[in-house]
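Reader: I should like to go through this model with attention to how each descriptive term is justified. Please set each value against its criterion.

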Amino acid sequence: LLDMSPPSSVSSSGSRARSPLRPSRRPPPPRQRLLHWLVGEALYGRLSHFEHSLIFGLFWCLLASLIFTTSKSCLQLDGVCSEERERRIFYEEEIERLRRELRELQAIAESPPRRRADGLA
């Protein structure tokens, strides 16, 4: 009734059977990898399943609100991004004006002093 022969390494279908001494090592699921990344290995082992679920849910809520806020502020035509663009253009124009004034002042400082008509310096 019982087969006492040693286990063969080839199954009846011709493929290699897994060795019972070496369990297959699958990578952890994405949720577990994310939680490891969020809380670290030491803290991950001490938290309960409920706490894992709570952290996971909070992470996705924060991520969703970040995406919503970013898209809302940047996709509006009169939103923050257009204001920032206008501010940047104004500052670039101001920088160019100040550079022109500095070049003019440097040119004046490097030019030889002019003599006054009355002979005084």
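Reader: What surface does the protein expose, and which atoms supply 62% of it?
Author: In this predicted model, the exposed surface of the protein is about 11600 Å², and carbon and sulfur atoms supply 62% of that area. Of the 121 residues, 7% count as buried.

Reader: How many helices and how many strands are there in the protein?
Author: The protein has four helices and zero strands, and its elements therefore read α-α-α-α from the N terminus on.

Reader: Why are helix 1 and helix 3 called roughly perpendicular?
Author: The axes of helix 1 (residues 30–39) and helix 3 (residues 49–75) cross at roughly 85° and come within 11 Å. Angles of 65 to 115 degrees count as roughly perpendicular, so the term applies to helix 1 and helix 3.

Reader: Which residues of helix 1 and helix 3 meet, and what makes residues of this contact nonpolar, polar or charged?
Author: From helix 1, R31, L34, L35, W37, L38 and V39 meet H52, S53, I55, F56, F59 and W60 of helix 3. The contact comprises nine nonpolar, two polar and one charged residue. Arg counts as charged, so R31 in helix 1 belongs to that class.

Reader: How do you know whether L47 is buried or exposed?
Author: L47 has a relative accessible area of 18%. Buried means under 20%, so L47 is buried. L47 lies in the loop between helix 2 (41–46) and helix 3. Neighbours within four places in sequence aside, L47 is in contact with V39, H52 and I55.

How values were computed
Residues are numbered from 1 along each chain as its sequence is written. This is a predicted model: local features need pLDDT of at least 70, side-chain atom pairs count only at pLDDT 80 or more; totals for chains, interfaces and linings use all residues. Side-chain values use heavy atoms; hydrogens and water are left out. Helices (H or I, at least four residues) and strands (E, at least two) are DSSP runs, numbered from the N terminus. Buried means under 20% relative accessible area, exposed over 50%, partly exposed in between (1.4 Å probe, protein chains only). Accessible areas come from the Shrake-Rupley method with a 1.4 Å probe; for residues, only the protein chains shown count as cover. Axes are lines fitted to C-alpha atoms, for helices over the stretch in contact, and angles run from 0 to 180 degrees between N-to-C directions. Angles under 35 degrees count as roughly parallel, over 145 as roughly antiparallel, 65 to 115 as roughly perpendicular and the rest as oblique. Contact means heavy atoms within 4.5 Å.
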